[in-house]
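Hi,

Here is the structure I promised to pass on. Have a look at it first, and my notes follow below.

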Amino acid sequence: MKKTLFLAITMIAFVGNTLASNKTLIQSTEVMSENESIKIISIEEIGFDDERACYSFYVIYERIDGTIQKEARTVCSFHHTQEQIKKEVERAYGTTIKPSAK
């Protein structure tokens, strides 16, 4: 599980680089690690912190054993707008971000 978590965090870390290079980070919602694969179910918006230029969201995914996980992620970039960050996160995970349930 820690390797999968690290892989998911690493993918988000490269979202900023993806903005500059316009390359597709991943092309499906299936993510593989050494020991297991996970399937992205959805992404839910948490919000945007203008002061820190950070966009936060939940990633909901299913592990190979069928368990559902929900983990918070944050992407920060002073060089991109909230919409640019959101679009790159959607492209990286291969799914549309759902609005926050406030």
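Before anything else: this is a predicted model. It shows 3 helices and 5 strands, and from the N terminus the order is α-α-β-β-β-β-α-β. The protein has 102 residues, and 39% of them count as buried. It exposes about 6,300 Å², with carbon and sulfur atoms supplying 52% of that. Among contacts with a separation of 6 or more, 51% are between residues 24 or more positions apart.

Now the inside. The largest nonpolar core has 12 residues, among them Ile38, Phe57, Val75, Ile85 and Tyr93. Strand S2 (37-49), strand S3 (54-63) and helix H3 (82-93) each bring at least two residues to this core, and S3 gives the most, with 4. If you want one residue to click on, try Ile85: leaving out residues up to four places away in sequence, it touches Phe48, Ala53, Tyr55, Val75, Ser77 and His80.

S3 also has a partner worth a look. S3 and S4 pair in the antiparallel sense over 9 bridges; one example is Ile60, whose bridge partner in S4 is Lys70. The two strands form a hairpin with 4 residues between them, and Gly66 in the turn has a positive phi of about 95°.

Finally, which way do the side chains of S4 (residues 68-76) point? They alternate: Gln69, Glu71, Arg73 and Val75 point to one face and are buried, whereas Ile68, Lys70, Ala72, Thr74 and Cys76 point to the other and are not buried. That fits the general pattern, as side chains in a regular strand alternate between the two faces of the sheet.

Cheers

Methods
Residues are numbered from 1 along each chain as its sequence is written. This is a predicted model: local features need pLDDT of at least 70, side-chain atom pairs count only at pLDDT 80 or more; totals for chains, interfaces and linings use all residues. Side-chain values use heavy atoms; hydrogens and water are left out. Buried means under 20% relative accessible area, exposed over 50%, partly exposed in between (1.4 Å probe, protein chains only). Contact means heavy atoms within 4.5 Å. Accessible areas come from the Shrake-Rupley method with a 1.4 Å probe; for residues, only the protein chains shown count as cover. A nonpolar core is a set of buried Ala, Val, Leu, Ile, Met, Phe, Trp, Tyr and Cys residues joined through side-chain atoms within 4.5 Å. Two strands pair if DSSP finds at least two bridges between them.
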